[in-house]
Amino acid sequence: MRRCLALARRGAGHVSPNPMVGAVLVGADGRLLGAGWHRVFGGPHAEVHAIEQALRHHGEEALHTATLYVNLEPCSHHGKTPPCADLIVARGIPRVVVGMEDPFPLVAGRGLARLRARGVDVVTGVLAADCRRLNEAFVHHVRTGRPLVTLKIAQTLDGRVATRTGDSRWISGRLARRRVHRWRAEVDAVLIGRGTALADDPALTVRHVAGRQPLRIVLDRTGTLPATLRLFTDAHAARTLAVVGPDAAPAYERRLHDSGGALLRLPTAGGHLDLDALLDRLGQDGGRDGGRPLQSLLVEAGPGLASALLARDLVDRLCLFIAPRLLG
C-alpha cells in the first residue's frame with residue numbers, strides 16, 4: 001500500500017478534481033506484475049495502467065492468482081472512463097486490497113459491493129489514515145463543496161511579517177521557498193489579497209521545482225489594482241482570476257480577458273468581498289462559468305486577508321514558517 005501511495009502522489013497537480021490513486025498488482029509468488037497511477041484528469045485510472053502493464057509483461061493467466069492493491073476504492077460508475085470494478089472482475093483478479101472507501105456519492109462503497117458480489121476477496125482499511133491524508137483535499141471537497149484552504153504565513157521571531165517599509169519578500173529561506181513552490185505545483189490555485197499584490201507585485205509562478213502552473217487569484221474589491229502588475233501582463237496571465245466587487249470597473253479587465261484570464265464579480269459583506277461566497281464559487285467551477293471545481297487553495301496572504309480568513313474559520317490548514325531573525 002505504501003507503494004500505491006507513492007505512485008498516487010505523482011498525480012499531484014494533474015488529476016484534480018479527481019483523487020490521486022496508485023495501484024499495484026502482485027502475483028501469487030510475490031512478484032510485481034504491474035503498477036500505475038492516475039496521471040491526468042479524464043485519463044485512464046490507476047487500475048487500468050497496472051492491469052495493462054501486467055498483461056503486456058506477464059499475460060492474462062498471471063492475473064487469475066494476483067492481488068491488486070489500490071489506495072482508493074475502485075470506481076463503479078461510468079464517468080469519463082468505464083468502471084474499474086468491472087474491469088477487475090472481467091480480468092479475473094481474485095483479491096483486492098483497498099486503502100479507503102471512496103466518499104464520492106456515485107461510488108461510496110458501491111465498488112466494494114460490486115467486487116464482493118462477483119466473488120472477489122476484498123480487504124479494506126489498509127493504511128487508511130495515510131490514504132485519507134493523501135487525498136485530504138478531495139475528501140474535503142466532496143464533503144463541503146469547497147476547496148481545502150491552506151494558509152501559509154512567514155514571520156520572524158518577533159512576529160513580524162514585513163519590514164517597516166512593507167517589504168515581505170524573503171523573510172523565509174531557500175528551503176522554505178522551495179517547499180512553497182512545490183505546494184504551488186500541487187494545488188489548484190494560489191490566492192493573495194490586494195495588499196500583497198501592491199506591495200510585492202508577485203508572479204506566483206512555479207520556479208524552484210518542476211511542475212505545472214496553478215491558477216492565480218487576486219482579491220481586488222474596488223478594481224483599482226494597477227494594470228501593469230505581473231499577474232495581468234506576464235506569460236501566465238491566462239491563469240489569473242481577479243475577484244472584484246459588483247460595481248468595480250478595473251482598468252485591467254480588457255487586457256485580462258484578451259490574455260485568457262477571467263474576472264469574477266462577487267457580493268460584498270461588511271465592506272469586504274464575501275469570502276464564503278468566494279469559496280463556494282471556487283468549489284463549484286473555479287470562478288469561471290463551466291470551469292473545473294477547485295479542490296485545493298494555497299493562500300499566500302498578508303495579515304489582513306489572513307486575519308479575515310481565520311476570523312471566519314475558513315482555514316483548514318495553517319503552515320507557519322518562522323525565520324531565525326528579528327525585524328524590530
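## Exercises on salt bridges, backbone and domains

Asp 201 has a relative accessibility of 24% and therefore counts as partly exposed. The exercises below start from this residue and treat a predicted model.

**Asp 201 and its surroundings**

Task: Establish where Asp 201 lies, what is notable about its phi, and which residue it meets in a salt bridge.

Solution. Begin with the exposure class: because partly exposed residues lie between the limits of 20% and 50%, the 24% of Asp 201 puts this residue in that class. Next, locate Asp 201 in the loop between α8 and β8, and note that its phi is positive, at about 45°, although Asp 201 is not a glycine. Then turn to the side chain, which forms a salt bridge with Arg 230, with 4.0 Å between the closest N and O atoms. This pair links distant parts of the chain, since Arg 230 belongs to helix α9 while Asp 201 sits in the loop between α8 and β8, 29 residues away. Finally, Arg 230 is classed as partly exposed, because its relative accessibility is 37%.

**A second positive phi, and a cis peptide bond**

Task: Decide whether Leu 204 is buried or exposed, give its phi, and find which residues a cis peptide bond joins.

Solution. Leu 204 is placed in the loop between α8 and β8, and its phi is near 55°, a positive value in a residue other than glycine. The relative accessibility of Leu 204 is 3%, so this residue counts as buried. For the peptide bond, look at Ser 16 and Pro 17, which are joined in the cis form with omega at about 10°; Pro 17 lies in the loop between α1 (2-9) and β1 (22-26).

**Salt bridges across the sequence**

Task: Find how many salt bridges the whole structure holds, and explain what the pairs Asp 188 with Arg 212 and Asp 220 with Arg 194 connect.

Solution. The search of the whole structure gives 20 salt bridges. One of them is formed by the side chains of Asp 188 and Arg 212, at 4.0 Å from N to O. Asp 188 is in the loop between α7 (174-186) and β7 (189-192), whereas Arg 212 is in the loop between α8 (194-200) and β8 (215-219), so this pair ties together parts 24 residues apart in sequence. Because its relative accessibility is 9%, Asp 188 counts as buried.

The next pair is Asp 220 with Arg 194, whose closest N and O atoms are 3.1 Å apart. Here Asp 220 comes from the loop between β8 and α9 (230-233) and Arg 194 from helix α8, so that parts 26 residues apart in sequence are tied together. Compare the exposure of the partners: Asp 220 is buried, with a relative accessible area of 0%, whereas Arg 194 is partly exposed, with 31%.

**Thr 150 in strand β6**

Task: Describe the environment of Thr 150, naming the residues it touches and the side chain with which its own side chain makes a polar contact.

Solution. Thr 150 belongs to strand β6, residues 148-156, and it counts as buried because its relative accessibility is 7%. Leaving aside residues up to four places away in sequence, Thr 150 touches Leu 297, Leu 298, Val 299, Arg 317 and Cys 319. With Arg 317 there is also a polar contact between side chains, at 3.1 Å. Arg 317 has a further partner, Glu 136, whose side chain it meets in a salt bridge of 3.2 Å, N to O.

**The two domains**

Task: Characterise how domain 1 (1-139) and domain 2 (145-322) meet, beginning with how many residues of each are in contact.

Solution. The C-alpha centres of the two domains are 35 Å apart, and 12 residues of domain 1 are in contact with 10 residues of domain 2. The two domains bury about 950 Å² between them, of which 49% is on carbon and sulfur atoms. On the domain 1 side, Gly 13, Ser 16 and Ala 137 supply 44% of the area buried against domain 2, more than any other three residues. Turning to polar interactions, the count between the domains is two salt bridges and five residue pairs in polar contact. Helix α6 (residues 136-144) gives the most to the side of domain 1 that touches domain 2, contributing three residues. The residues of that side divide into five nonpolar, four polar and three charged.

Terms used: Residues are numbered from 1 along each chain as its sequence is written. This is a predicted model: local features need pLDDT of at least 70, side-chain atom pairs count only at pLDDT 80 or more; totals for chains, interfaces and linings use all residues. Side-chain values use heavy atoms; hydrogens and water are left out. Helices (H or I, at least four residues) and strands (E, at least two) are DSSP runs, numbered from the N terminus. Buried means under 20% relative accessible area, exposed over 50%, partly exposed in between (1.4 Å probe, protein chains only). A polar contact is a pair of N or O atoms within 3.5 Å; within protein, one must be able to donate a hydrogen and the other to accept it, and residues adjacent in sequence count only if both atoms are side-chain atoms. Contact means heavy atoms within 4.5 Å. Domain bounds come from an automatic or database domain assignment. Buried area is the accessible area (1.4 Å probe) that two parts lose on being put together, summed over both. Ala, Val, Leu, Ile, Met, Phe, Trp, Tyr, Cys and Pro count as nonpolar, Asp, Glu, Lys and Arg as charged, and the others, Gly among them, as polar.
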